[in-house]
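Me: I should like to go through this structure step by step, with the reasoning set out for each answer.

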Amino acid sequence: MRNNGDMLRARPVAVMVVGALLITACGAAPTAPEPTATPGGTASRTPAAPGSTSPGPVPRDPSASPVATGAVAASAEWTAVEGARLPGGTALLDVAATGPRDAWAVGYQDSAEDREGTPAVLRWNGSRWREISLGRETGAHHLEAVGAAGPDDVWVAGNGPSAFAAHWNGRAWAPHRPFGVAEDYRLADVATGGGDTWFAANGPSGAVVLEWAGGEFRNVLSTGGTFEAITSGKGHVWAVGTSETRTPLVWHGTAGSWESLRTPPIPGGRLSGVWQVSPSEVWAVGQVSATPEAPPDARTGGEGARPLVVRWDGTRWTRVEVPISRGSLHGVTASGPGDLWISGVDADHAGQVLILHFDGTTWSREYGPLFRAYTATQQYDETDDVGGTVLARVPGGDALWAVGSVGVGDDEKAFVLRR
């Protein structure tokens, strides 16, 4: 559930152990400072202090993605949480929480350049993360989204050769094929709560919204463009993405009626996260590609991408400036009008997760610690870069979860952070 208006969550950082779920800052350059121990045996690398004689990361081609320098101080508020060990290339693409003792994270594991991988579902029980099996023969490769209305009402959405969804009733999973065996449809997101469940999807003719009602899927909207995120609450549904002309796309549904809402004309604009604070205050985040005619990079927006934030005030959408100039934004959540959180990547500090907070008046920034320092022998330019990052607020308190991945291909590893 990327951004459900009733069950607060967060649909992409501290250091972790590289095994499967949690990443450590291993793989640092030989010239980087030595790792320091943290509670639980997790290792972290502290950048050399200003004026220090310790050499920094090895210089590289300036035309490549920005070096993960760790030059920005990491916030002490964000800590790594050790979790289930997942094999191969791993990533967590979405997270949802129903309370302090129940949270869900989904993505994929056992991925590599020559294989898609298999679904990953992790559950937090208040003290640790553990893997939850979806059962045999799901046919899915990746899970894109999770929505949780309660510990016994959880939906996951993903894709393999065909689109796949499953519902958890507290005891077992019930698998579903929303489009049957058709191989040209993909699920992008799910929002659930208040007895309603909505799916954002895409097919050969464009974007689709599905409703789960009465034990079956119902197509309630088909339109041009691509949907990437959906949220619901108080009888309202919001689906966002990219239009056919590569500008921001927003559709709003209520009481069985759907309308396309005009957004500021932003060529190359793409929305990948949405959150309803109230029907008259909705936030959507994403990026603006430097080359509007080209498809944006799913992780970072591509070279020269700029962050995008738009806000609905009950009458119109307006663009909101944020305190970073380059990068992309992926996740958004809030507890109220004066407590908005956005996650993403600042391209000037690509090795650290970026968290923006808006208190209703002022923006502030926080950064996660550096995962990996650049090395001259690393497999890819992006090996030391953070990919997509999403976040979820824990209902009933101020705690937040953030999940994502660092690196690409065979080097990609998932992470979990808590604030």
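Me: In strand 26, which residue is the bridge partner of Trp 341?
Reply: The model discussed here is predicted. Strand 25 covers residues 339-346 and strand 26 covers residues 353-358, and the two run antiparallel with six bridges joining them. One of the pairs places Leu 340 with Phe 358. For Trp 341, the bridge partner in strand 26 is His 357.

Me: How many residues lie between strand 25 and strand 26 in their hairpin?
Reply: Strand 25 ends at residue 346 and strand 26 begins at residue 353. The hairpin formed by these two strands therefore has a connection of six residues.

Me: Is strand 26 largely enclosed or exposed?
Reply: Val 353, Ile 355 and His 357 point one way from the strand, and Leu 354, Leu 356 and Phe 358 point the other way. Residues on both sides are buried, where buried means under 20% relative accessible area. Because six of the six residues of strand 26 are buried, the rest of the structure leaves this strand largely enclosed.

Me: Which residue of strand 27 stands opposite Leu 354?
Reply: Strand 26 and strand 27 run antiparallel and are joined by five bridges. They also form a hairpin with four residues between them, and Gly 360 in the turn has a positive phi of about 100 degrees. Opposite Leu 354 in strand 27 stands Tyr 367.

Me: Which strands stand at the edges of the open sheet that contains strand 26?
Reply: This open sheet has four strands in the order 24-25-26-27, with antiparallel pairing. An edge strand has a single partner strand, so one side of it is left without a neighbour in the sheet. The twist averages 20 degrees from one strand to the next. The strands at the edges are strand 24 (327-336) and strand 27 (363-367).

Me: In the sheet with the order 3-30-29-28, which residue of strand 30 is the bridge partner of Ala 402?
Reply: That open sheet of four strands has antiparallel pairing, and its edge strands are strand 3 (79-80) and strand 28 (386-393). Strand 29 (residues 400-406) and strand 30 (residues 413-418) pair over six bridges. The bridge partner of Ala 402 in strand 30 is Leu 417.

Me: How many residues apart in sequence are the parts tied together by Asp 102 and Arg 123?
Reply: The side chains of Asp 102 and Arg 123 meet in a salt bridge at 2.7 Å, N to O. Asp 102 lies in strand 5 (residues 102-111) and Arg 123 in strand 6 (residues 118-124), so the parts tied together are 21 residues apart. Asp 102 is buried at a relative accessible area of 5%, and Arg 123 is also buried, at 17%. The separation asked for is 21 residues.

Me: Is Arg 311, the salt-bridge partner of Glu 281, buried or partly exposed?
Reply: The closest approach in this salt bridge is 3.2 Å, N to O. Glu 281 lies in strand 21 and Arg 311 in strand 22, 30 residues apart. Glu 281 counts as buried at 7% relative accessibility. Arg 311 has a relative accessible area of 28%, so its class is partly exposed.

Me: With which residue does Glu 366 form a salt bridge?
Reply: Glu 366 lies in strand 27 and its partner in the segment after strand 30, so the pair ties together parts 53 residues apart in sequence. Glu 366 counts as buried at 14% relative accessibility, whereas the partner counts as partly exposed at 26%. With the closest N and O atoms 2.8 Å apart, the partner is Arg 419.

Conventions:
Residues numbered from 1 in each chain as written. Predicted model: local features only at pLDDT ≥ 70, side-chain atom pairs only at ≥ 80, totals over all residues. Heavy atoms only, no water. Pairing = 2+ DSSP bridges. Axes fitted to C-alpha atoms, helices over the stretch in contact; angles between N-to-C directions. Buried < 20%, exposed > 50% of the residue type's maximum accessible area, 1.4 Å probe, protein only. Salt bridge = Lys/Arg side-chain N within 4 Å of Asp/Glu carboxyl O.
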